[in-house]
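Here is a short walk through a two-chain model, meant to be read with the structure open beside you. Let's start in one corner of a sheet and work outwards.

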Amino acid sequence: MKNKLNLFGVIIFLIFCFIIFYKGLDNSNTYTPKISKIFSIPIFEAKDFNSNAYFTSKKIFEDDTFYIVNIWASWCVPCRTEHPLLMELSKNQSLKLIGLNYKDNLNNAKKFINEFGNPYSQILIDNEGILSVEFGAYGVPETFIIDKDKKIIRKFIGPINKEIVEQIRLIIK
Amino acid sequence: MKILKVFISVFLLIGFLELKSEENNSELKSEILKNIRCLICQGQSVYDSESEFASSIKLIVDRKINKGLSEDEIYHFLREKYGDWVIYDPQLNKNTYILWLLPLLIFLFGGAIIYKKTSKKNE
């Protein structure tokens with residue numbers, strides 16, 4: 001009787017292990033950081049893409065409106081696919097787009113903007129990637145929605161698509 | 001001559017102290033970077049990674065150390081931005097208490113079984 005119970009216990013244990021590993025096969029092994037809590041925009045000073053002048057975060061986000069911070073680079077292929085959607089979003093009067101040019105060559109970045117259009121009300125240079133880390137980003141492209149209280153309320157990793165544009169429209173309504 | 005000797009001694013002492021502090025900062029930096037997970041090259045620490053993300057984090061950690069921030073303050077900054085996952089050594093909180101307490105419970109349970117078996121044998 002005791003042996004049977006032991007065998008039963010071992011079988012249950014093996015089935016348990018099998019289920020755990022089997023379920024694990026379906027899980028993605030890439031981690032996507034989520035905004036666990038809403039936090040305010042970081043305090044920083046950044047160089048302007050066009051004028052080379054330095055602006056503080058207070059000055060950049062001074063208007064009482066929604067802001068979208070988009071991290072982009074001319075070498076980033078997915079940035080090209082999302083660019084027409086950013087152009088579309090820029091037509092919306094109730095939000096302002098701020099571009100963060102990530103570790104890019106300035107001439108290439110200017111060519112990119114000339115070729116595809118400029119959806120941003122201001123572009124900031126982030127040559128060292130430090131500003132992006134301050135926003136909690138880990139790559140390009142990434143998009144953040146900032147509400148009127150200057151809090152980062154949503155974060156989209158990777159290129160935005162039409163569904164995300166709809167979500168953004170709903171949020172800023 | 002005496003003044004010159006004193007001046008050289010002070011100069012050498014300052015140089016030595018600066019060198020020592022740089023060495024300490026570099027050790028602290030390595031220690032911190034080895035404990036930060038690279039989020040885009042999983043399985044590697046920021047210390048081992050050459051990715052764009054890792055190079056930015058290395059720069060930030062370097063600047064924070066030079067600003068005089070402690071190891072815990074740097075971890076706190078990164079946790080705020082990326083969550084607990086970014087640090088290899090997890091803190092004890094409501095999400096990780098099972099992780100911390102399970103080995104202890106297993107140890108106590110195993111100890112109790114061994115104690116029971118040995119006391120039975122002695123009887």
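A:Lys47 stands opposite A:Tyr54 in β3(A). That pair belongs to a ladder of three bridges between strand β2 (residues 45-48) of chain A and β3(A), with the two strands running antiparallel. The model is a predicted one, so please read the positions below in that light. β2(A) and β3(A) make a hairpin with five residues between them, and A:Asn52 in the turn has a positive phi of about 65°.

On to the other partner of β2(A). Here β2(A) pairs with β6(A) in the antiparallel sense, over two bridges. The bridge partner of A:Asp48 in β6(A) is A:Leu124. A:Leu124 also stands opposite A:Leu100, in a ladder of five bridges that joins strand β5 (residues 95-102) of chain A to strand β6 (residues 122-126) of chain A. The strands of that ladder run parallel.

How do the strands line up across the whole sheet? Eight strands form an open sheet in the order β1-β8-β7-β4-β5-β6-β2-β3 (chain A), with mixed pairing. The edge strands are β1 (39-40) and β3 (54-56) of chain A, each of which pairs on one side only.

Next comes β7(A). Strand β7 (residues 142-146) of chain A is mostly covered, with five of its five residues buried. A:Glu142, A:Phe144 and A:Ile146 point one way from β7(A), while A:Thr143 and A:Ile145 point the other way; all are buried. In a regular strand, side chains alternate between the two faces of the sheet. One neighbour of β7(A) is strand β4 (residues 66-72) of chain A, joined to β7(A) by five bridges in an antiparallel arrangement; A:Tyr67 has A:Ile146 in β7(A) as its bridge partner. Five bridges also join β7(A) to strand β8 (residues 151-157) of chain A, again running antiparallel, and A:Glu142 stands opposite A:Ile157 in β8(A). β7(A) and β8(A) form a hairpin with four residues between them, and A:Lys150 in the turn has a positive phi of about 65°.

The ladders described so far can be set side by side:

| Strand pair | Bridges | Sense |
|---|---|---|
| β2(A) and β3(A) | three | antiparallel |
| β2(A) and β6(A) | two | antiparallel |
| β5(A) and β6(A) | five | parallel |
| β4(A) and β7(A) | five | antiparallel |
| β7(A) and β8(A) | five | antiparallel |

Now for the packing. The largest nonpolar core has 47 residues, and those with the most contacts inside it are A:Ile68, A:Val69, A:Ile98 and A:Leu124. Leaving aside neighbours within four places in sequence, A:Val69 is in contact with A:Ile98, A:Leu100, A:Phe135, A:Phe144 and A:Ile146.

Is A:Gly99 buried or exposed? A:Gly99, found in strand β5 of chain A, is buried, because 24 other C-beta atoms lie within 10 Å and 20 or more are enough to count. Beyond its neighbours within four places in sequence, A:Gly99 is in contact with A:Asn70, A:Trp72, A:Tyr120, A:Ile123 and A:Leu124. A:Phe116 is 17 residues from A:Gly99 in sequence and 14 Å away in space, C-alpha to C-alpha.

Stepping back, chain A has six helices and eight strands, which follow the pattern α-β-β-β-α-β-α-β-α-β-α-β-β-α along the sequence. Its radius of gyration is 22 Å, whereas a compact globule of 173 residues would have one near 16 Å. The C-alpha atoms of chain A fill a box of roughly 85 × 35 × 30 Å along the principal axes. Of the 173 residues of chain A, 31% count as buried. Among contacts in chain A between residues at least 6 apart in sequence, 75% join residues at least 24 apart.

Finally, chain B. In the interface, 15 residues of chain B are in contact with 15 residues of chain A. On the chain B side, the elements giving two or more residues are α2 (52-67) and α3 (71-82) of chain B, and α2(B) gives the most, with seven residues. By class, that side has eight nonpolar, four polar and three charged residues.

The domain assignment divides chain B into domain 1 (21-91) and domain 2 (92-123), and their centres are 34 Å apart, taken over C-alpha atoms. B:Asn93 lies in the loop between α3 and α4 (97-122) of chain B. B:Asn93 counts as exposed because it has 9 C-beta neighbours inside 10 Å. B:Glu50 is 43 residues from B:Asn93 in sequence and 31 Å from it in space, C-alpha to C-alpha.

Note on methods: Residues are numbered from 1 along each chain as its sequence is written. Chains are lettered from A and ligands numbered from 1 in the order in which they are written. This is a predicted model: local features need pLDDT of at least 70, side-chain atom pairs count only at pLDDT 80 or more; totals for chains, interfaces and linings use all residues. Domain bounds come from an automatic or database domain assignment. Two strands pair if DSSP finds at least two bridges between them. Two residues are in contact if their C-beta atoms, placed from the backbone, lie within 7 Å. Ala, Val, Leu, Ile, Met, Phe, Trp, Tyr, Cys and Pro count as nonpolar, Asp, Glu, Lys and Arg as charged, and the others, Gly among them, as polar. A residue is buried if 20 or more other C-beta atoms lie within 10 Å of its own, exposed if 12 or fewer, and partly exposed in between; C-beta atoms are placed from the backbone. The radius of gyration is taken over C-alpha atoms; the globule rule is 2.2 Å times the number of residues to the power 0.38. A nonpolar core is a set of buried Ala, Val, Leu, Ile, Met, Phe, Trp, Tyr and Cys residues joined through C-beta atoms within 7 Å.
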